[in-house]
Amino acid sequence: MTVAVKPDAFRCGRFTLPLHRPLIMGVVNVTPDSFSDGGDFLDPGRAVAHAQRLVAEGADILDIGGESSRPGSAPVSLREERRRVLPVLKQAVELGVPVSVDTTKPELMREVLDSGAAMINDISALGSAGAVDVIAASDAGICLMHMQGDPAKMQLAPTYEDVVAEVSGFLCERARSLLDKGVSTERILIDPGFGFGKTDQHNLELLEGLPLIASHGFAVLAGLSRKSQLGRITGRERARSRLGASIAAALAAVRNGASIVRVHDVAETRDALLVWQAMCGGDKRNGANSN
Ligand code: HH2
């Protein structure tokens, strides 16, 4: 296996974020139906206040989403997603950290990049027609996430022969399509998409396989925060009560090579990562920055 050198930094818009320590992406869901905090921040004022709080707590990146992708969720129209995201984005870009928008719609990608977003987080890995070109024509960062199927049906019967090889191969192919269009490696994040068309066993194999996924030379983002598998492991039904579980999962992901963790609870994750790094020196695999 060839181990490519991991980028030293993630570049998105006017920002360059060094990757010598794990970064935290704080989630701002401007939705009525997100699986863990649906409705809490649908009001733009509350969403902006939440974004401010996440930055004060140590978020390195904010991720604003206007469409839930929880299993069984229905798609939202462009008009509605726009209505939810844009007012929050316009204020969030003043907070001093890069703002990502979690969307699969190329029209919205173009508009949010024009309004100051530094990054796009696409759970369909730029699968919509024209999406690759929107990113290529910008200086934005991009997170390419793997999903089998779509949110409406993805958890019905996820099937793989070799989940790590298939997810890894897909992400590399999508990343290469961006490199071919002139997007630099430092602007690209890859994400195995925990819980997106995966059984619990697939998720565990992907977590274990993160070193392989991280060996392709792209920084890895991992999103495990509050996810239902953590509820099944701990017996905690309520997503909000999965804080301890989410922190453990974030540490496991970073230990296995993730450079960025996407989380709902920024302050607690930050503290856990700082203590773990101070006491354990991180881990050699994450220190792969220096490989
Ligand atoms: N998970 C969710 C949404 N977007 N993006 C990436 N890159 N990786 C993830 O794991 C990921 C993601 C689901 O979490 P959340 O946004 O809190 O829920 P919902 O989709 O219900 O809004």
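The following exchange takes up the ligand, the pocket and the cavity of this predicted model.

Student: Which residues come nearest to the ligand?
Tutor: The shell around the ligand is made up, by class, of six nonpolar, seven polar and five charged residues. Out of the 18 residues around the ligand, those that come nearest are Ser34, Ser68, Asp191, Lys227 and His264.

Student: Which side chain has an N or O atom 2.6 Å from a nitrogen atom of the ligand?
Tutor: Several side chains have to be weighed here, taking a polar contact as a pair of N or O atoms within 3.5 Å. Aspartate 102 places a polar side-chain atom 2.9 Å from a nitrogen atom of the ligand, and for the side chain of asparagine 121 the distance from an N or O atom to a ligand nitrogen is 2.8 Å. The distance of 2.6 Å belongs to the side chain of aspartate 191.

Student: How much of the ligand's accessible area does the protein cover?
Tutor: Polar contacts such as the one between aspartate 191 and a ligand nitrogen, at 2.6 Å, describe single atom pairs. For the ligand as a whole, the starting point is the 480 Å² of accessible area that the ligand has on its own, and of this the protein covers 99%.

Student: What is the volume of the pocket whose space the ligand takes?
Tutor: The ligand takes the space of the largest pocket, so the volume to look for is that of this pocket, which is defined over the protein atoms alone. The space lying in the largest pocket amounts to about 680 Å³.

Student: Which helix gives the most to the lining of the largest pocket?
Tutor: The lining holds 39 residues, and Phe35, Phe194, Gly195, Gly223 and Lys227 are the closest to the centre of the pocket. By class, the lining divides into 16 nonpolar, 14 polar and nine charged residues. At least two lining residues come from each of helix 6 (200–208), helix 8 (228–234) and helix 9, and the helix that gives the most, with five residues, is helix 8.

Student: Which helix and which strand each supply at least two residues of the lining of the largest cavity?
Tutor: The structure holds one cavity of 30 Å³ or more, and the largest cavity has a volume of about 40 Å³. Its lining divides into six nonpolar residues, two polar and one charged, with Ala249, Ala250 and Arg262 among them. The elements that each supply at least two residues of this lining are helix 9 (243–255) and strand 10 (260–263).

Terms used. Residues are numbered from 1 along each chain as its sequence is written. This is a predicted model: local features need pLDDT of at least 70, side-chain atom pairs count only at pLDDT 80 or more; totals for chains, interfaces and linings use all residues. Side-chain values use heavy atoms; hydrogens and water are left out. A residue is near a molecule or strand if one of its heavy atoms lies within 4 Å of it. A polar contact is a pair of N or O atoms within 3.5 Å; within protein, one must be able to donate a hydrogen and the other to accept it, and residues adjacent in sequence count only if both atoms are side-chain atoms. Accessible areas come from the Shrake-Rupley method with a 1.4 Å probe; for residues, only the protein chains shown count as cover. On a 1 Å grid over the protein atoms alone, a cavity is a set of points where a 1.4 Å probe fits but cannot get out, and a pocket is an open set with protein on both sides within 12 Å along at least five of seven lines; lining residues have an atom within 4 Å of a point. A molecule sits in a cavity or pocket if more than half of its atoms lie within 2 Å of its grid points. Ala, Val, Leu, Ile, Met, Phe, Trp, Tyr, Cys and Pro count as nonpolar, Asp, Glu, Lys and Arg as charged, and the others, Gly among them, as polar. Grid points are joined across faces, edges and corners, and a volume is the space filled by probe spheres set on the points. Helices (H or I, at least four residues) and strands (E, at least two) are DSSP runs, numbered from the N terminus.
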